[in-house]
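Let's look at the cysteines and the core together, asking how each label is earned.

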Amino acid sequence: MASSILFHPVLRFHSKTGRHRRSREAWLRVNPVKFLFLCFLAVLFADTGMGFASHSEDLQLYRHYFLRRFPAIHLEEFANGAYAIDRKSRDNWLAIEEFPSYSPLIDEGGIMWHTPFANGLDYADCFNGNPAQKKHHPHWDNEKGQVITLPLAINNCRKANGEPPLPYGRGPITRLLAYMAYESRGQITDVEIPEDQPGALAAYAKGKAFYFRRRGQLNFACANCHMESAGQHLRTETISPSIGQTTHWPAYRSQWGESGTLHRRFAICNELIRARPFDLQSEQYRNLEYFLTHMSNGIPYNGPSSRK
């Protein structure tokens, strides 16, 4: 159903004039980016959340779309978001990265990592003694029946050791995440979607459906901004491509004046399109992260980071 809806502006017979509308090839010459975007959506999206392609085919289509749209940018460069596209902003960003505002958070997060809980154990006991955990998250936990993100794993660790959970959007959890992200720098995104686990496939499909479904009073989908309009300007901002968007968190954003998590950004995006946000680390946002991170496979982790 999705493919017929998306392609009928190109292929449908015009009943009033008795002529066929412009062919795909002619339309491609007029607007190749828009054509590729619609081709991608036709294959990838259906209202049920289950597209026509497998997740591996999704990844190939997704990469092809962005690499064709931005042919001068290598895959690994998409870890830098809008700064991979906007060279002027990139120069300013590189200057900020020489003395980044998140540096103290890394040190504070390291202290948190090594500070024992009241029971004498610490985070290392939950994460095999290794803070470089980005490459392992998010992942599908078949026993729990849910996607496990790194912030969720941190609070699961705390609760298992009799400690209260940390708020997910800002504050202490961003310090620990900053330290763990820093230790994970250079790891390559490689999120697997187990073919033999229906729950994992369903979570991936739900995350994909969330990404392409319009919502809010402005009737926008994530894809409208971060695929269709990627690289364009919204006031003074360059809209970042969604490929690579999960690699650099937590991020210190100048407009926040502090560091925040990926799910905090998800919620703000929902608010900007006048949609009711979900709870941070809700099933909806974790499934969305699962989909988006899989779509960034092959791109190195480079968090924490600075953003405007």
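**Cysteines and core**

Q: Why is C157 called buried?
A: C157 has a relative accessible area of 3%, and buried means under 20%, with exposed over 50% and partly exposed in between (1.4 Å probe, protein chains only), so C157 is buried. A word on the source: this is a predicted model, where local features need pLDDT of at least 70, side-chain atom pairs count only at pLDDT 80 or more, and totals for chains, interfaces and linings use all residues. Residues are numbered from 1 along each chain as its sequence is written, and side-chain values use heavy atoms, leaving out hydrogens and water.

Q: What makes C126 and C157 a disulfide?
A: Their sulfur atoms are 2.1 Å apart, and a disulfide is a pair of cysteine sulfur atoms within 2.5 Å, so C126 and C157 form one. The link is right-handed, with 75° about the S-S bond.

Q: Why is C126 called partly exposed?
A: The relative accessible area of C126 is 32%, which lies between the two cut-offs, so C126 is partly exposed.

Q: How do you know that C222 is not bonded to C269?
A: The sulfur of C222 is 7.1 Å from that of C269, its closest cysteine sulfur, and this is too far for a bond. C225 is in no disulfide either, as the nearest cysteine sulfur, in C269, is 7.5 Å away.

Q: What makes F66 a contact partner of F78?
A: F66 touches F78, and also H226 and M227, among others; contact means heavy atoms within 4.5 Å.

Note on methods:
Lists of a residue's contacts leave out its neighbours within four places in sequence.
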